[in-house]
Amino acid sequence: MKTSRSYRQTARAEASEQTRRRIIEAAFALQAERLSAEISLDDVAERAGVSVQTVLRRFGSKAALIEESIRWINAEIAEERRAPAGDVPAAIHALLDHYEKRGDFALLMLAQENAYDHVRQLSDAGKGTHRTWVAEVFGPYLPHGAGRRDELLDLLVVATDVYTWKLLRRDRGLTRKETENRITTLVTALLPQLTTEATTGKESS
């Protein structure tokens, strides 16, 4: 009897979590399509296949739901961009994979950061996450002096920023491969060690 009751409780908990995840994913999907002001709880409920009352019972308000959905996607983004420290080609390839999947959403969020406080706060968190990623991935090539290190880190953040991807991929209409090559060129130019290593490798071979 206890086993049966425990099974039912586990099944209910799993179903509840699946519903919560479905609502969050629906909210995120809508944010990738339109501005936050254009998204209603009815839209979210319809996309998730639940009632508005269920959405409110889970999250309390539209603002709380939007905030939770962006937190969720930030965690997904961190996993998507994961790359070994010092492996620049792998890092840039993972970054381009991420931008191809999420870049347009990121740009839509950035366009709203001055209009919605919760979007601005989470956008700021995203910018911090990107800078941390750059520091970790390119850490082995960064100088130890604080001043020079910060300067180089700033430049690498710009070279790998979503707006740089937009300028090349969307505005210039370059292919994904061309965009990846150009960003790699920018990063390599900022990290002379990479050029030296590549030259040394060619000479030794």
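**Residue classes and model**

Ala, Val, Leu, Ile, Met, Phe, Trp, Tyr, Cys and Pro count as nonpolar, Asp, Glu, Lys and Arg as charged, and the others, Gly among them, as polar. The model is predicted: local features need pLDDT of at least 70 and side-chain atom pairs pLDDT 80 or more, while totals for chains, interfaces and linings use all residues. Numbering starts from 1 along each chain as its sequence is written, and side-chain values use heavy atoms, without hydrogens and water.

**Helix α9**

Helices are DSSP runs (H or I, at least four residues), numbered from the N terminus. Helix α9 (residues 176-190) has 15 residues and should span 21 Å, at 1.5 Å times one less than its number of residues; its end C-alpha atoms are 21 Å apart, in agreement.

Arg176, Thr179, Glu180, Ile183 and Val187 of α9 are buried (under 20% relative accessible area, 1.4 Å probe, protein chains only). These residues cover an arc of only 100° around the axis (from the directions to the C-beta atoms), which puts them on the same side of α9. Lys177, Thr185 and Ala189, on the other side of α9, are exposed (over 50%).

**Second largest pocket**

A pocket is an open set of points on a 1 Å grid over the protein atoms alone, where a 1.4 Å probe fits, with protein on both sides within 12 Å along at least five of seven lines; lining residues have an atom within 4 Å of a point. The second largest pocket has a volume of about 170 Å³. Its lining includes Ile77, Arg81, Trp133 and Glu136, and α6 gives the most, with 5 residues. By class, this lining has 6 nonpolar, 2 polar and 3 charged residues.

Key:
Helices (H or I, at least four residues) and strands (E, at least two) are DSSP runs, numbered from the N terminus. Grid points are joined across faces, edges and corners, and a volume is the space filled by probe spheres set on the points.
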